Amino acid sequence: MKYGIVLDAGSSHTSVYVYNWPAEKENDTGVVQQVEVCKVDGPGISSYSKDVEKAGLSLQDCMNTAKQVIPKKEHRDTPVYLGATAGMRLLSLDNNKIADKVLLSVEKSLRLYPFDFQGCRIITGQEEGAYGWISINYMLGNFKQSSSWMPFQQTSTETSGALDLGGASTQITFEPTDSINESPENFMLFRLYGKTYNVYTHSFLCYGKDQALRLRLANDVKNAGSTNLQNPCFNPGYVKNMSAVDLYGSPCTAKYKLFSSSFILITGTGDYHQCQQNLQDMFNKTECPYSRCSFNRIFQPELSGNFGAFSAFYFVMNFLNLTSEKDLSKVKETLKEFCSESWQQVKEKFPDIKEKYLSEYCFSGTYILTLLEMGYGFTSENWGNINFLRKIKGSDAAWTLGYMLNLTNMIPAELPSSPPLSHASYVGLMVLFSFLLASVVFIGWLYFWKPRCLQKGII
Ligand SMILES: Nc1ncnc2c1ncn2[C@@H]1O[C@H](COP(=O)(O)OP(=O)(O)OP(=O)(O)O)[C@@H](O)[C@H]1O
């Protein structure tokens, strides 16, 4: 077995994924399995900007877990990759030098392990989208290995789109059916197993669910001209004092800071319709420099095919028991009901769920619906094409697998040159030909030699 480690350094936390695969089948589809995922306790590495040494130290426990999971003799040959996503993208926008220091601290820590360290970097939003798409299609077995010597074998399998909702950014990636490409920066061309894929992808920075909430609240404070907010996206009776540092301390919201007040008081009113109306403002649909757009002047081709929706799309819809609900109006009814429940009731019903998540499910659910409907253009007709999923065949749906497959060259551009026959067919044919040859020799012997002997015997 071979092993690989990928660290997903997200905005809200870091996860350490350990994958393995049989060495002799490296280029086959679907052979890579996730054997372990360890979530690092505490926030994402971007939160250690004031104490950079701690960013590296925070990974210790999960890296030790990886050390135990992977057999000792494989340690030296196991590559380790770290990809940082939107949290670090935001930090580097804010202060590039600090972002570099955080990455250096992490690198220093990772080099202490007996693995083959391959690098730490901030991946682009486009890469995050594209690797998520590769991951889920690889796991679903959509990159069919067809062989050109079998003309009737099906060579094209439809791919599934990927919808990823993080804390700080969100990605949409799919293979459009039309070939309109008005915005080349939104397209990536892949040649995988002998087939070319022209994939549309876009990552919206600040539209992950944590940053979107801050963006909305910062706008609300600005519009209301007050730091005392009545908010329809929180359950009635919910009251929160949010620190201004927390609200405005990100490049997504910094420009909205108006007041010198150090706290913002939020009081929930729990009204799904008002919440949705309020969130719609975040999606600018009025200006579009292309023939079609999603929002905020970003090109998006017509939606096509099925979509796998993972990360926070799954966490939130799973909590609301809506992952298999194909009727959009029922989804809205459930959300409406949940939002109107009093905070006291909600807390009593779900005592084991982290208060931070629980208090935000009304906002998060409504945000997901608004992003999918208003933002990307899903309707009641194609809502059923979205599959909210966490794992596929035992592996988490995440960009990490696609990242590793790409960096280890495990998805060949062309089909591996396979012999036209499998080993078993080859042996079978050899046996058959040997038998035929033996039969011909035997018949020849009977015809040319034995009859004469027999004739002699008769005389
Ligand atoms: N059980 C849960 N319920 C609700 N929200 C959750 C749950 N678990 C994680 N989250 C939240 O879901 C969001 C997405 O988490 P994820 O780890 O995928 O994103 P990330 O890597 O932090 O984000 P980004 O890619 O934007 O850097 C985060 O805001 C996280 O806090």
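Reader: How many residues of the shell around the ligand are nonpolar, polar or charged?

Author: This is a predicted model. In it, seven shell residues are nonpolar, twelve are polar and two are charged.

Reader: What makes a glycine in that shell polar?

Author: The classes decide it. Gly is counted among the polar residues. Two glycines listed among the closest to the ligand are Gly166 and Gly167.

Reader: How many residues surround the ligand, and which are the closest?

Author: The ligand has 21 residues around it. The closest are Gly10, Ser12, Gly166, Gly167 and Ser311.

Reader: Which elements give two or more residues to the shell?

Author: They are helix H3 (86-94), helix H6 (209-224) and helix H9 (312-319). H9 gives the largest share, four residues.

Reader: Why is Gly167 called buried?

Author: A residue is buried if 20 or more other C-beta atoms lie within 10 Å of its own. Gly167 has 22, so it is buried.

Reader: Where is Gly167, and what does it touch?

Author: Gly167 sits in the loop between strand S6 (161-165) and strand S7 (169-174). Residues up to four places away in sequence are not counted. Among the others, Gly167 touches Gly10, Ser12, Gly87 and Asp210.

Reader: Why is Ala168 called buried?

Author: The cut-off is 20 or more. Ala168 has 28 other C-beta atoms within 10 Å, so it counts as buried. Ala168 also lies in the loop between S6 and S7. Its contacts beyond four places in sequence include Ala86, Leu90 and Cys206.

Reader: Which residues does the "binding site" annotation cover?

Author: The UniProt record, an unreviewed entry, places it on Gly167, Ala168, Ser169, Thr170 and Gln171. Such annotations may be inferred rather than shown by experiment.

Reader: What is stated about the phi of Ser311?

Author: Ser311 has a positive phi of about 55°, although it is not a glycine. Ser311 belongs to strand S13.

Reader: Is Ser311 buried or exposed, and why?

Author: The count is 24 other C-beta atoms within 10 Å, so Ser311 is buried. Buried starts at 20.

Reader: Why is Asn296 called partly exposed?

Author: Exposed means 12 or fewer, and buried means 20 or more. Asn296 has 15 C-beta neighbours inside 10 Å, so it falls in between and counts as partly exposed.

Reader: Where is Asn296, and what is its phi?

Author: Asn296 is in the loop between helix H8 (272-280) and strand S13 (307-311). Its phi is positive, about 55°, and Asn296 is not a glycine.

Technical notes
Residues are numbered from 1 along each chain as its sequence is written. This is a predicted model: local features need pLDDT of at least 70, side-chain atom pairs count only at pLDDT 80 or more; totals for chains, interfaces and linings use all residues. A residue is near a molecule or strand if its C-beta atom, placed from the backbone, lies within 6 Å of it. Two residues are in contact if their C-beta atoms, placed from the backbone, lie within 7 Å.
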